[in-house]
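Here are a few exercises to work through with the model open beside you. Try each task before you read its solution.

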Amino acid sequence: TNPHAAAPLVEDALRSLDPRTRATPRIVRDTLDAFLGAKQRLAWMLAPAAAIALLLSALGMYGVSAFVTGQRTEEVSVRTALGASPADVWRLLLTDGLRPVVAGLAAGLVAGLVVAPLLARPLMLSGISPHDPLSIAVAVATVLASALVAVILPARRTARADPAALLRRQ
């Protein structure tokens, strides 16, 4: 039942039928393993680049979020002094911080669904549809999670600002 042991027998049987035959039987499993092995090596080589891209995008989102929420510290202090609850302040900062991320995800999702079939053939995705819902969901969830962290950290700092101290400085 070992295909590697049977390969020479198949080759001998073919030669006995026609001595001019130059057949070299290949094991389908070996061919498939070689093909998929190349794809796996490529995936492992691209994984660090993808991780760096995610880190850079999260740092960029954090930087923009920190700048924007820092600019709104006075506004948040005035809202808090006028009676806004901490939940209202959090909701305001989170929705304003995540709105561009959600818009970018929506645009990227549409663009990705349009471009994916064009890239599927050159990339020869093995066993994965260009519109695979699980892959898309994981990508969207990863970007949303990193954006949420990037928005929460500066929002927490801004929401903790003491409105009385800030208003006294004015």
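**Exercise 1. Work out which residues of helix 2 are buried, and where the helix bends.**

Solution. Start with burial, where buried means under 20% relative accessible area, exposed means over 50%, and partly exposed is in between (1.4 Å probe, protein chains only). On that scale, the buried residues of helix 2 are G37, A58, M61, S65, A66 and T69. A quick word on the source: this is a predicted model, where local features need pLDDT of at least 70 and side-chain atom pairs count only at pLDDT 80 or more, while totals for chains, interfaces and linings use all residues. Residues are numbered from 1 along each chain as its sequence is written, and side-chain values use heavy atoms, with hydrogens and water left out.

Next, take the span. Helices are DSSP runs (H or I, at least four residues), numbered from the N terminus. Helix 2 covers residues 28–71, 44 residues in all, and its first and last C-alphas are 63 Å apart, close to the expected 64 Å. That expected span is 1.5 Å times one less than the number of residues.

Finally, look for the bend, meaning the angle between axes fitted to the seven residues ending at a position and the seven starting there. Helix 2 bends by about 30 degrees at L46, with the proline P48 following within four residues.

**Exercise 2. Find the residues that make up the largest nonpolar core.**

Solution. You're after buried Ala, Val, Leu, Ile, Met, Phe, Trp, Tyr and Cys residues joined through side-chain atoms within 4.5 Å. The largest such core has 7 residues: M61, L98, V101, L105, A147, A150 and V151. Helix 4 (86–123) and helix 5 (133–159) each supply at least two of this core's residues.

Now zoom in on A150. Counting contacts as heavy atoms within 4.5 Å, and skipping residues up to four places away in sequence, A150 touches A58, M61, Y62 and S65.

**Exercise 3. Is T73 buried or exposed, and what does T73 touch?**

Solution. First, place T73: it lies in helix 3, residues 73–81. T73 counts as buried because its relative accessible area is 18%. Beyond four places in sequence, T73 touches T158, A161 and L166. The T73 side chain also reaches the backbone oxygen of G70 at 2.9 Å.

**Exercise 4. Track down salt bridges within single helices, and say how far apart the partners are in sequence.**

Solution. Look for a side-chain nitrogen of Lys or Arg within 4 Å of a carboxyl oxygen of Asp or Glu. A search of the whole structure turns up 8 salt bridges; here are some of them.

- In helix 1 (residues 3–17), E11 and R15 sit 4 residues apart, about one turn; their side chains meet at 3.0 Å, N to O. R15 is partly exposed, at 36% relative accessibility.
- R29 and D33 meet at 3.9 Å, N to O. They are 4 residues apart in helix 2, so about one helical turn separates them. D33 is partly exposed, at 41%.
- R91 and D88 meet at 3.0 Å, N to O. They are 3 residues apart in helix 4, again about one helical turn. R91 is partly exposed at 49%, and D88 is partly exposed at 37%.

One last step: salt bridges that share partners join R72, E75, R79, D96 and R99 into one network.

Definitions and conventions: A polar contact is a pair of N or O atoms within 3.5 Å; within protein, one must be able to donate a hydrogen and the other to accept it, and residues adjacent in sequence count only if both atoms are side-chain atoms.
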